[in-house]
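Welcome, and thanks for taking a look at this one. Please open the sequence and the structure side by side before reading on.

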Amino acid sequence: MIPEPRLNIWEHSLSLRELCRRRALDLEPEMDCAAQGAELLAPLVRQMAFAPKLLDVGCGGGHFLHSLKRRGLEVDYYGLDSSPSLIETAQKAFAEQNLDPARLMLGDVSHLCDFSCHLAVMINVLSFNPDFRAPLERLAETGAKALLIRDNFGEGTIIRWETDGFLDPGYNHLKGYWNQWSRKEVGDFLRRRGYKTSFIEDARTKGGLELVVEKPYYWSWLLAEKKAVY
Ligand SMILES: C[S@@+](CC[C@H](N)C(=O)[O-])C[C@H]1O[C@@H](n2cnc3c(N)ncnc32)[C@H](O)[C@@H]1O
């Protein structure tokens, strides 16, 4: 199910869409989190004897592909995003760069099926979902050997359903999720699905508070790797 676009906060910010377009065309400075994500993935990509199939969940403009390429990391890249206008923007930008726009798919990760991959990343996405379980269940079902997630992790899970407040005029009544997830709950969930998990400090925010549209965020990375040797 694609969230109803009229009610989807990601569909109602022209400034975000423009930023997404510019990032997709590699016209903006690299995001610190994209840089750290690519560095964290590098050893996993390099230990594979082939270009692994990678799913970038909530890919926005698909700019994470540039961060991988910049480091010489060859992957078979696929992006997934549930916002029609962001995927359309990203597809146009990919076509302009002679990249295959079909690699960018419209869809909600909670409904992902019949998709397998070697690696999956989810950078700044999970928090905006009603629960972590459906997205992570679907990602585990892809058979991915490793999942790399940057999100708002803390001692406990806190569900926040609040207005955004920074959208285009006329849309600031729209609400979204701005959740924090318990490290223990998410870690236990993935360990039960055969992953060993480690949390890694976010290089930019270093465990400190960051306000995201005035909501409290404590960013960190979760690397979940299949226990079996591959
Ligand atoms: C804050 S942006 C992050 C974009 C990019 N990953 C980055 O770090 O710049 C969150 C993105 O996740 C997408 N998103 C949120 N929930 C999603 C879901 N369940 N399935 C697919 N995309 C989702 C939104 O549409 C939006 O484009």
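The points below cover the ligand shell, a helix, a set of strands and the nonpolar core.

Please keep in mind that this is a predicted model. The briefing starts at the ligand, where Trp-10 is among the residues that come nearest, moves on to helix α4 (residues 84-96), and ends with strand β12 (residues 219-226) and its partners.

**Around the ligand**

- The shell around the ligand holds 20 residues, and those that come nearest are Trp-10, Gly-58, Gly-60, Ser-82 and Ser-83.
- By character, the shell splits into eleven nonpolar, seven polar and two charged residues.

**Trp-10 and its surroundings**

- Trp-10 sits in the segment before α1.
- Is Trp-10 buried or exposed? Trp-10 counts as buried because 22 C-beta neighbours lie inside 10 Å, and 20 are enough for that label.
- Setting aside neighbours within four places in sequence, Trp-10 makes contact with Ser-83 and Leu-86.
- Although Trp-10 and Ser-83 are 73 residues apart along the chain, their C-alpha atoms are separated by 6.4 Å.
- Both Trp-10 and Ser-83 belong to the group that comes nearest to the ligand, while Leu-86 is one of the buried residues of α4.

**Helix α4**

- Helix α4 spans residues 84-96, 13 residues in total, and its first and last C-alpha atoms are 18 Å apart, close to the 18 Å expected.
- Its buried residues are Leu-86, Ile-87, Thr-89, Ala-90, Gln-91, Ala-93 and Phe-94.
- An α-helix has 3.6 residues a turn, so residues three or four places apart point the same way.
- What do the buried residues of α4 pack against? They meet α1 (14-24), β2 (76-81) and β3 (104-106).
- Just after α4, Asn-98 adopts a positive phi of about 60 degrees.

**Strands around β12**

- Strand β12 (residues 219-226) pairs with β5 (residues 146-154) in the antiparallel sense, over seven bridges.
- Strand β9 (residues 195-201) is also joined to β12, running antiparallel with seven bridges.
- Which residue of β12 is the bridge partner of Leu-147? That partner is Ala-224, and Thr-197 also stands opposite Ala-224.

**The nonpolar core**

- The largest nonpolar core has 53 residues, and Val-57, Ala-90, Ala-120, Val-121, Met-122 and Leu-147 touch the most other members.
- Ala-90 links this topic back to helix α4, where it is one of the buried residues.
- Leu-147, beyond its neighbours within four places in sequence, is in contact with Ala-120, Leu-139, Tyr-195 and Ala-224.

Technical notes: Residues are numbered from 1 along each chain as its sequence is written. This is a predicted model: local features need pLDDT of at least 70, side-chain atom pairs count only at pLDDT 80 or more; totals for chains, interfaces and linings use all residues. A residue is near a molecule or strand if its C-beta atom, placed from the backbone, lies within 6 Å of it. Ala, Val, Leu, Ile, Met, Phe, Trp, Tyr, Cys and Pro count as nonpolar, Asp, Glu, Lys and Arg as charged, and the others, Gly among them, as polar. Two strands pair if DSSP finds at least two bridges between them. Helices (H or I, at least four residues) and strands (E, at least two) are DSSP runs, numbered from the N terminus. The expected span of a helix is 1.5 Å times one less than its number of residues. A residue is buried if 20 or more other C-beta atoms lie within 10 Å of its own, exposed if 12 or fewer, and partly exposed in between; C-beta atoms are placed from the backbone. Two residues are in contact if their C-beta atoms, placed from the backbone, lie within 7 Å. A nonpolar core is a set of buried Ala, Val, Leu, Ile, Met, Phe, Trp, Tyr and Cys residues joined through C-beta atoms within 7 Å.
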